Amino acid sequence: MQLAPISLVALSPDIVCILSVVEIEEDGRVDSNEWDYYGPYTVGAGTDFVATATTYSNGDRVHLYVREGSQPTGNRYDCRERDIRNESETCTVSIGGSEEQIYVGIRGRNGTNNSDYDLEITYGG
């Protein structure tokens, strides 16, 4: 797991704005219809939560799910990208007027085993 540092931006000599962007990198392996879950991540109001899943061969096939409030399921999610194989796909969830707990799920595609993936999560700002 990798976290990005906090950045300070001086708007004027008397005003300093603290911007915090969190970047997390994970990797994993899932079998057919099995889940790996990540989170919860506390994401501030008015920001985007971005999750990108990448596989590096046609034999590695996964689905990416993102959900506010609880772990995603095959039927309950806020964003879903299906059948990611030998590519990257991204889910973006915009957080409204209040802080939210965000969860990410990676599910192995039906009929595939030992699918390797990388997951990159970015939020804040």
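Helices (H or I, at least four residues) and strands (E, at least two) are taken here as DSSP runs, numbered from the N terminus. On that basis, this predicted model contains zero helices and nine strands.

**Overall view**

Begin with the whole protein in a cartoon representation. Read along the sequence, the pattern is β-β-β-β-β-β-β-β-β. Of the 125 residues, 33% are buried. Among contacts with a separation of 6 or more, 74% are between residues 24 or more positions apart. If a surface is displayed, its accessible area comes to about 6900 Å², and carbon and sulfur atoms account for 41% of that area.

**First stop: Arg29 and Asp116**

The salt bridges come next; the structure holds three. Select Arg29 and Asp116, whose side chains meet in a salt bridge at 2.6 Å, N to O. Arg29 belongs to strand β2 (residues 15-30) and Asp116 to strand β9, so this pair ties together parts that are 87 residues apart in sequence. Asp116 has a relative accessibility of 29% and therefore counts as partly exposed.

**Second stop: the network at Asp83**

Select Asp83 together with Arg61 and Arg109. The side chains of Asp83 and Arg61 form a salt bridge of 2.7 Å, N to O. Because Asp83 lies in strand β6 and Arg61 in strand β5, the pair ties together parts 22 residues apart in sequence. Colouring by accessibility separates these partners: Asp83 is partly exposed, with a relative accessible area of 22%, whereas Arg61 is buried, at 14%.

Asp83 also meets the side chain of Arg109 in a salt bridge, here at 3.3 Å, N to O. Arg109 is located in the loop between β8 (100-108) and β9, so its pairing with Asp83 in strand β6 ties together parts that are 26 residues apart in sequence. Arg109 counts as partly exposed, at 27% relative accessibility. Through shared partners, the salt bridges join Arg61, Asp83 and Arg109 into one network.

**Third stop: Arg67**

Which side chain of opposite charge is nearest to Arg67? Select Arg67 in strand β5 and display its surroundings. The nearest such side chain is that of Asp78, 5.4 Å away; Arg67 is buried yet has no salt bridge. The cut-off explains this result, because a salt bridge requires a side-chain nitrogen of Lys or Arg within 4 Å of a carboxyl oxygen of Asp or Glu. A polar atom of the Arg67 side chain does, however, lie 3.1 Å from the backbone oxygen of Gln71. Beyond its neighbours within four places in sequence, Arg67 contacts several residues, including Pro72, Arg76, Tyr77, Gln101 and Tyr103.

**Fourth stop: the aromatic rings**

Finally, display the side chains of Phe, Tyr and Trp. The count comes to six aromatic pairs. One of these is the tilted pair of Tyr41 and Tyr123, with 6.0 Å centre to centre and 50° between the planes. This pair links distant parts of the chain, with Tyr41 in strand β3 (residues 35-43) and Tyr123 in strand β9 (residues 115-124), 82 residues apart. Both Tyr41 and Tyr123 are buried.

Move next to Tyr65 and Tyr77, an edge-to-face pair at 5.6 Å centre to centre, with 70° between the planes. Tyr65 is in strand β5 (residues 61-68) and Tyr77 in the loop between β5 and β6 (79-85), so the pair ties together parts twelve residues apart in sequence. Tyr65 is buried, with a relative accessible area of 1%, while Tyr77 is partly exposed at 32%. Add Trp35 and Tyr37 to the selection to complete the view: ring pairs link these two residues with Tyr65 and Tyr77 into a cluster.

Notes. Residues numbered from 1 in each chain as written. Predicted model: local features only at pLDDT ≥ 70, side-chain atom pairs only at ≥ 80, totals over all residues. Heavy atoms only, no water. Phe/Tyr/Trp six-rings, centres within 6.5 Å; stacked < 30°, edge-to-face > 60°. Buried < 20%, exposed > 50% of the residue type's maximum accessible area, 1.4 Å probe, protein only. Lys, Arg positive; Asp, Glu negative; His and termini not counted. Polar contact = N/O pair within 3.5 Å; in protein donor to acceptor, adjacent residues only side chain to side chain. Contact = heavy atoms within 4.5 Å. Areas by Shrake-Rupley, 256 points an atom, 1.4 Å probe, with all protein chains shown as cover.
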